[in-house]
Amino acid sequence: MTRPQSSAARELGLKRGEFDLAVRLGRIRTVPAPGGGRRRVPREEIVRIREAEGFPNTLLEQVKVVGTAEGAGLMDIPSSRFTRLARAGMLTPAKFYVNRYRTVVWLYLAEELREFAGAEVNGPLLTGRAPDRVRARLQDGADLRPKNWRARHAGYLLGQADGPWDRAAAVATLLDPTQLAELVVSPYERAHLQRLRPDEFWYGAPESPNAAIVQRILTADEPDEISWLRGNLLLNLEEARRRSPAPRPAGHMEPAAALPQAPPEPVAEPPEVRPRSLWARLVGRGA
């Protein structure tokens with residue numbers, strides 16, 4: 001027996017945004033709906049969470065997010081330093097929204113910020129002069145908040161995918177359409193990937209100005225993540241074609257096309273900038 005996500009959120013005492021984040025963080029397990037549509041929550045999963053020690057406070061604390069000012073307060077550092085650490089890739093956003101001024105507002109897990117501040121190895125980042133590598137990155141105008149958020153988002157999408165076509169579709173959502181067309185020559189395969197794209201309910205109206213901002217954040221623009229996404233897409237497409245070719249009109253014979261060249265080896269983010277790069281973790285998983 002399963003519950004719609006809205007019902008599960010009420011039973012767990014979570015607001016919609018809190019519930020969605022808990023799912024994205026892997027705190028709440030969902031399963032595909034039998035007839036398609038939005039994923040559902042098994043009844044036993046709700047029971048498991050409700051019977052956990054400290055419920056509901058523990059669950060609420062796990063999904064608590066804060067902005068720059070509150071996050072800086074948790075870490076006992078100035079807001080300006082907090083922003084520099086986030087831009088340099090040391091802090092990973094959990095979610096974001098576009099405010100009425102069309103400015104992107106990044107939010108962070110309070111739990112992760114406390115862990116970061118409490119780790120002795122991070123002490124030099126919180127006081128005194130910033131390390132040279134951080135200052136050099138910021139002087140170059142870097143802002144790794146979108147990239148780090150995409151890494152977290154990619155992990156969620158791949159975790160929800162069922163089979164190689166679904167995994168390929170998940171990866172395709174993060175690639176520029178031009179790159180996707182270059183890698184997936186067949187229009188039938190591209191159409192199939194489009195049909196399998198994961199549903200997103202926080203996107204807003206497709207043609208709205210806010211949706212355009214969100215789309216820019218969703219699209220990979222760093223060389224190492226693009227390399228990883230391209231390689232992952234090609235590997236999943238190869239497996240998907242072997243298992244079940246994309247549907248196409250009856251009797252259609254598509255001319256053979258040259259396979260795209262293999263992408264360069266994925267490059268993990270330099271450890272001195274992001275010691276525990278989320279993209280590096282994904283590469284290690286071979287997702």
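Leaving aside neighbours within four places in sequence, Pro42 is in contact with Met1, Thr2, Arg29, Thr30 and Val31, where contact means heavy atoms within 4.5 Å. Pro42 lies in strand 2. Helices (H or I, at least four residues) and strands (E, at least two) are DSSP runs, numbered from the N terminus. Pro42 is buried, with a relative accessible area of 4%. Buried means under 20% relative accessible area, exposed over 50%, and partly exposed in between, with a 1.4 Å probe and protein chains only. The C-alpha atoms of Pro42 and Pro4 are separated by 9.0 Å, although the two residues are 38 residues apart along the chain.

This is a predicted model, in which local features need pLDDT of at least 70 and side-chain atom pairs count only at pLDDT 80 or more, while totals for chains, interfaces and linings use all residues. Residues are numbered from 1 along each chain as its sequence is written, and side-chain values use heavy atoms, with hydrogens and water left out.

**The protein as a whole**

The protein contains 16 helices and five strands. Of its 287 residues, 42% count as buried. Among contacts between residues at least 6 apart in sequence, 72% join residues at least 24 apart.

**Helix 2 and its surroundings**

Helix 2 covers residues 16–24, and Phe19, Leu21, Ala22 and Val23 in this helix are buried. What covers these buried residues includes helix 1 (5–12), strand 2 (41–42), strand 3 (65–66), strand 4, strand 5 and helix 10 (145–160). Strand 2, which holds Pro42, is thus among the elements that cover helix 2. Gly26 follows helix 2 and has a positive phi, near 80 degrees.

**The packing of helix 5 and helix 7**

Helix 5 (residues 68–75) and helix 7 (residues 110–118) pack at an angle of about 35 degrees, with their axes 9 Å apart. Axes are lines fitted to C-alpha atoms, for helices over the stretch in contact, and angles run from 0 to 180 degrees between N-to-C directions. The contact is made by Gly71, Leu74 and Met75 of helix 5, together with Ala110, Leu113, Arg114, Phe116 and Ala117 of helix 7. By class, this contact has six nonpolar, one polar and one charged residues. Ala, Val, Leu, Ile, Met, Phe, Trp, Tyr, Cys and Pro count as nonpolar, Asp, Glu, Lys and Arg as charged, and the others, Gly among them, as polar.

**Backbone features in loops**

Most residues other than glycine have a negative phi, and most peptide bonds are trans. Two residues other than glycine with a positive phi are listed in the table.

| Residue | Phi | Loop | Relative accessibility |
|---|---|---|---|
| Asp76 | near 60 degrees | between helix 5 and helix 6 (79–87) | 69%, exposed |
| Arg102 | about 60 degrees | between strand 4 (95–98) and strand 5 (104–109) | 52%, exposed |

A cis peptide bond joins Phe55 and Pro56, with omega about 5 degrees. Pro56 lies in the loop between helix 3 (43–51) and helix 4 (57–62).

**Helix 13 and the elements that cover it**

In helix 13 (residues 187–195), Glu189, His192 and Leu193 are buried. Seen down the axis of helix 13, its buried residues fall within an arc of 100 degrees, so they line one face of the helix. The arc is that of the directions from the helix axis to the C-beta atoms. On the other side of helix 13, Gln194 and Arg195 are exposed. At the start of this helix, a side-chain oxygen of Ser186 reaches to within 3.2 Å of the backbone nitrogen of Tyr188.

The cover over the buried residues of helix 13 includes helix 11 (164–172), helix 12 (177–183) and helix 15 (223–243). Leu174 is placed in the loop between helix 11 and helix 12. At 1% relative accessibility, Leu174 counts as buried. Leu174 and Leu218 are 44 residues apart in sequence and 5.6 Å apart in space, C-alpha to C-alpha.

Helix 15 contains Asp224, which is buried with a relative accessible area of 11%. The side chain of Asp224 makes a polar contact with the side chain of Lys147 (2.8 Å). A polar contact is a pair of N or O atoms within 3.5 Å; within protein, one must be able to donate a hydrogen and the other to accept it, and residues adjacent in sequence count only if both atoms are side-chain atoms.
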